[in-house]
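Reader: Could you walk me through one part of this model up close? I'd like to hear about a helix and how it packs, and then whatever else you think deserves a look.

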Amino acid sequence: ICVVSASLLSGRISTLKDETGAIFIDRDPSLFTPILNFLRTKELFPRSINVHLLMHEAEFYGITPLVRKLQLCDELDRSSCGNVLFNGYLPPPGRQIYSRFDFTSRARKGILSKGGFTFPHTCSSFPSYTAQLADPGMVRIICGHHNWIAVAYAQFVVCYRVKESTGWQQVFTSPRLDWVIDRVALNAKVMGGSLGDNDKMVAVASGTEIILWTICPDGNGNEIGVFSLNVPVEALFFVGNQLIATSHTGKVGVWNAVTKHWQNQDVVPINSYDTAGSFLILGCNNGSIYYIDVQKFPLRMKDNDLLVTELYRDPTEDAITALSVYLTPKTSDSGNWIEIAYGTSSGTVRVIVQHPETVGSGPQLFQTFSVHRSPVTKIMLSEKHLISVCADNNHVRTWTVTRFRGMISTQPGSTPLTSFKILSLEDIDGHGGCGAGTEIGPYGERDDQQVFIQRVVPDTDKLYVRLSSNGKRVCEVRSVDGTSITSFMVHECEGSSRIGSRPRRYLFSGHANGSIQMWDLTTAMEIAGKVDIRGKTTHVAFCVDLLLLRDVS
């Protein structure tokens with residue numbers, strides 16, 4: 001008690017008094033009970049308390065012995081080697097990153113580069129955001145393709161490759177750019193590229209500009225070129241060998257690996273997209289779904305435009321705000337069997353189906369669900385489930401999908417499964433990372449169980465992995481070095497060439513200090529499955545939300 005009294009006398013704690021003359025301390029009374037017991041007995045029972053909340057209170061009152069004990073409890077609960085799910089740690093890139101234009105001074109004079117391409121843009125063609133960078137060393141975005149990942153920092157991108165014999169190795173680092181990276185795309189298995197199967201490509205975008213590199217077998221990178229969409233790039237990805245950029249304003253940009261040509265195309269304002277083979281499927285503001293075969297480039301030789309074809313129009317012409325294409329086993333046989341789930345600005349969820357016998361008349365409306373009252377932001381149609389997320393605090397609705405011989409069936413049809421929310425507070429100061437690097441999902445192959453990744457508050461060292469089908473918590477991961485998580489991504493890496501080896505799914509987390517940490521989700525899913533089979537306690541979706549709310553306070 002003397003310690004608290006000293007804090008009062010020193011002025012560290014406000015000495016406001018109520019009408020009776022009692023000193024009023026505006027703190028949580030429930031947390032003062034273990035503090036009072038510690039001052040009386042010098043004993044602490046860490047399993048019955050929230051260590052972080054109590055440490056905050058002890059620091060407020062200035063009780064140094066209690067702070068030290070709580071720090072010890074926290075260290076005992078944390079291991080720099082992680083738990084059984086921790087799979088690896090990639091430190092921040094250590095070597096100096098030189099400016100892109102230090103390497104391309106010859107290109108600015110119009111001289112061909114080693115890779116045979118010119119770089120017509122100079123430094124002044126990019127917006128310079130360097131002065132506004134709050135955390136230039138934090139990981140902004142992670143993306144994966146096959147056994148590669150690309151990690152985007154504020155002004156450069158690093159590529160890593162994993163091999164069973166050597167583990168993860170850094171194979172490419174881009175020059176430092178004079179603009180902040182907002183999007184990144186990776187293609188680690190280019191078929192028919194200029195270097196055969198060894199040809200890899202990585203691209204980044206900022207504002208309206210896109211820069212593309214090819215990565216050689218020795219790890220050196222050649223800049224293919226700089227392209228402009230002329231409007232802000234909001235999505236950047238590969239479809240086969242083609243690099244695609246889209247904007248909601250109604251622009252699509254395509255770089256073709258064969259022609260080495262970049263082309264912009266005006267379409268209807270775009271709200272969503274998905275891919276299916278060589279097709280780019282666009283959900284647009286006018287209620288229509290369009291498709292472009294990006295390998296046939298260009299197809300309309302008369303005006304040199306891409307061939308944009310309307311596939312379906314929503315009955316109420318609501319904007320298509322989310323889109324998911326599922327290719328059934330029949331697709332590979334006939335090429336004309338396709339299933340599409342989409343969500344609209346009014347909250348409606350619909351499923352349309354294209355049958356071989358209805359090719360002439362287009363896809364047919366299969367099912368409609370009117371369960372959301374806010375615009376649908378995400379949707380996923382998989383082998384066993386239909387999952388939709390709306391703008392109301394990431395409210396999720398799920399259905400089971402009945403199939404007959406691999407094709408969606410009306411008997412008994414899709415039935416409601418669960419309803420839950422993936423609560424997540426928005427980042428307001430820019431320290432929580434880039435929006436493109438903190439997507440909740442769902443992640444995973446469409447013929448397997450998918451997951452959501454939940455980061456409750458922006459400045460946290462914890463992530464929660466939850467099944468997308470029912471919201472149950474699979475696991476919780478915590479940074480092994482205590483640094484805040486600024487980005488995350490789930491990716492499945494290919495197995496080794498040994499007989500019986502299978503792909504494994506990993507959660508990659510990027511951190512404020514520039515490191516990458518990896519977590520084995522395949523093991524996590526197996527452990528969670530065993531727990532369910534044995535009948536042990538599981539965290540239902542509603543209870544998970546209540547537990548996570550404690551982290552917000």
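Author: Let's start with helix α2 and its packing, then turn to a loop arginine and two sheets. Keep in mind that this is a predicted model.

Helix α2 covers residues 29–41. With 13 residues at 1.5 Å each, α2 should span 18 Å, and its end C-alpha atoms sit 19 Å apart, which agrees. Which residues of α2 are buried? They are L31, P34, I35, L36, F38 and L39. An α-helix has 3.6 residues a turn, so residues three or four places apart point the same way. Right after α2 ends, K42 adopts a positive phi of about 60 degrees.

The partner to look at is helix α3, residues 51–61. The axes of α2 and α3 are 10 Å apart and make an angle of about 75 degrees. Since 65 to 115 degrees counts as roughly perpendicular, that is how α2 and α3 are placed relative to each other. On the α2 side, L31, F32, P34 and I35 make the contact, and they meet L53, L54, E57, A58 and Y61 of α3. L31, P34 and I35 turn up again here, having already appeared among the buried residues of α2.

Now for the arginine. R140 belongs to the loop that runs between α6 (105–108) and β2 (141–145). Is it buried or exposed? At a relative accessible area of 13%, R140 is buried, because the cut-off for that label is under 20%. A polar atom of the R140 side chain lies 2.9 Å from the backbone oxygen of I181. Setting aside neighbours within four places in sequence, R140 also touches residues from several other stretches, including A152, Y153, D182, C434 and T486.

On to the sheets. One is an open sheet of four strands, ordered β22-β23-β24-β27, with antiparallel pairing. Its edges are β22 (376–381) and β27 (415–421), each pairing on one side only. From one strand to the next, the twist averages 15 degrees. β22 and β23 (residues 385–390) run antiparallel and are joined by five bridges; L381 has L386 of β23 as its bridge partner.

The other open sheet has three strands in the order β28-β29-β30, again with antiparallel pairing. β28 (451–454) and β30 (473–478) are at the edges with a single partner strand each, so one side of each has no neighbour in the sheet. Here neighbouring strands are turned by 20 degrees against each other on average, ignoring direction. β29 (residues 462–467) pairs with β30 over five bridges, and R466 stands opposite R473 of β30.

How values were computed:
Residues numbered from 1 in each chain as written. Predicted model: local features only at pLDDT ≥ 70, side-chain atom pairs only at ≥ 80, totals over all residues. Heavy atoms only, no water. Pairing = 2+ DSSP bridges. Helix = DSSP H or I, 4+ residues; strand = E, 2+ residues; numbered from the N terminus. Axes fitted to C-alpha atoms, helices over the stretch in contact; angles between N-to-C directions. Expected span 1.5 Å × (residues − 1). Buried < 20%, exposed > 50% of the residue type's maximum accessible area, 1.4 Å probe, protein only. Polar contact = N/O pair within 3.5 Å; in protein donor to acceptor, adjacent residues only side chain to side chain. Contact = heavy atoms within 4.5 Å. Parallel < 35°, antiparallel > 145°, perpendicular 65-115°, else oblique.
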